[in-house]
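Notebook open, model loaded. I want to know how the sheet is put together and what packs around it.

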Amino acid sequence: MTIETISEVRSHGGVQGVYRHAAASTGTPMTFSVFVPDHAPGARLPVVWYLSGLTCTHANVTEKGEYRAACAELGLIFVAPDTSPRGEGVANDDAYDMGQGAGFYVDATQEPWSPHFIMRSYIEEELPALIAANFPVDMARQGITGHSMGGHGALTVALRNPGRFQSVSAFAPIVAPAQVPWGQKALGGYLGEDRAAWRNYDAVSLIEDGARLPDLLVDQGAADNFLTDQLRPELLEAACAAAAIPLTLRMQPGYDHSYYFISTFMADHLRWHGGRLG
C-alpha cells in the first residue's frame, strides 16, 4: 500500500497533496488528491469522498472546487480520486462520454473495457484501504458526494453499502443512467445489453429494489443544459418519496453544470456532511 507523493502544499493551515499508486484493481497507476486540515497529533478525522464527472481528473475539484476553507473549519479530510484508469494499453473511445475520463464507477464486464475499468472495486475497496493506511482518517465517519457522473457514483456507492456513509450528497447527479443517453451508452458498453445488470449502477433502480439512505442533499442548477435529457432529478425525487427517503432537492436558479455552480454550494454540502459526521 505504498504511495508516491507528486506534490504537497500548505493551504488553509492544512496540507493539500496529490499522490499516485499502482492500483491492483485497475492494473494501472491511479492518481488522487487529499486535503488534510490542521489537527492535533494522533487525531483521526472524518473523511468526505468526492467523485468527479465526465472528462475530469482529480485536478478539477482540487483546483476549482473551493472546499479547503470549509474543510479546515469543519475538520474534514477531502479525498478526490480520478474518474477512470488511464495510460498506454488502456482502452479508450473518441467520444468524451466513454473510455478514459468516463469510467462511470462500474466494474466493466465487456471487452475491451474489462481488463482495466474496474472502478467500482477501486472506489469501494482498494482506495479506502489505501487512504486508511496512509492518512489520519476515522473510517467510522465517512461521507460521500460527487458531480454529474460522480454524483451517480456517490449515490450508487452509498446505496450499495448501507451503513458505511453517515452523509450523502450530490451536485447535478445522473440519477437514472438506465433511462438517459449518457448512461445507456456507458452501461451498455461496459456491462453488456442485459439491463438487469445495470440496476446495481442506477440510483433510482437501487431505491426501487430496496436500498435506502438516511437522508440526502442534492443541488441542481436550473439553467443546466443537461437537466432535461441526462440528469432527470424528478426521477430521484419520485423514487425517494415512494421509499420515504428524506431528500432535500434544491433547484438553483440561473446556475449551470460547471464548477462555478459546484464551488458556490460546496461549503453548504460540507456543512451538511460535517453536521452528520460529528
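These are my entries on the sheet, the helices over it and the nonpolar core.

Entry 1, the sheet. I'm working from a predicted model, so I keep that in mind throughout. I looked up the strand order first: the sheet is open, with 9 strands running 1-2-3-5-4-6-7-8-9 and mixed pairing. Which strands stand at the edges? They are strand 1 (4-11) and strand 9 (247-252); each has a single partner strand, so one side of each has no neighbour in the sheet. From one strand to the next, the twist averages 20°.

Entry 2, one pairing. I checked strand 2 (residues 14-23) against strand 3 (residues 28-36): they run antiparallel and are joined by 9 bridges. Across that pair, I found V18 opposite S33 of strand 3.

Entry 3, helices over the sheet. Helix 3 (residues 119-134) lies across strands 2, 3, 4 (45-51), 5 (77-81) and 6 (137-146), and I get about 55° between helix 3 and strand 3. Helix 9 lies across strands 4, 5, 6, 7 (167-171), 8 (216-221) and 9. Its angle to strand 7 comes out at about 175°.

Entry 4, the core. Which residues touch the most other members of the largest nonpolar core? I got F78 and Y190, out of 88 residues in that core. Helix 9 (residues 259-277) gives the most to the core, with 7 residues. I then listed what Y190 touches, skipping residues up to four places away in sequence: among them are M98, F104, V106, W113 and F117. G99, G103, T109 and Q110 are also on the Y190 list.

Definitions and conventions
Residues numbered from 1 in each chain as written. Predicted model: local features only at pLDDT ≥ 70, side-chain atom pairs only at ≥ 80, totals over all residues. Heavy atoms only, no water. Core = buried A, V, L, I, M, F, W, Y, C linked by side-chain atoms within 4.5 Å. Buried < 20%, exposed > 50% of the residue type's maximum accessible area, 1.4 Å probe, protein only. Helix = DSSP H or I, 4+ residues; strand = E, 2+ residues; numbered from the N terminus. Contact = heavy atoms within 4.5 Å. Pairing = 2+ DSSP bridges. Axes fitted to C-alpha atoms, helices over the stretch in contact; angles between N-to-C directions.
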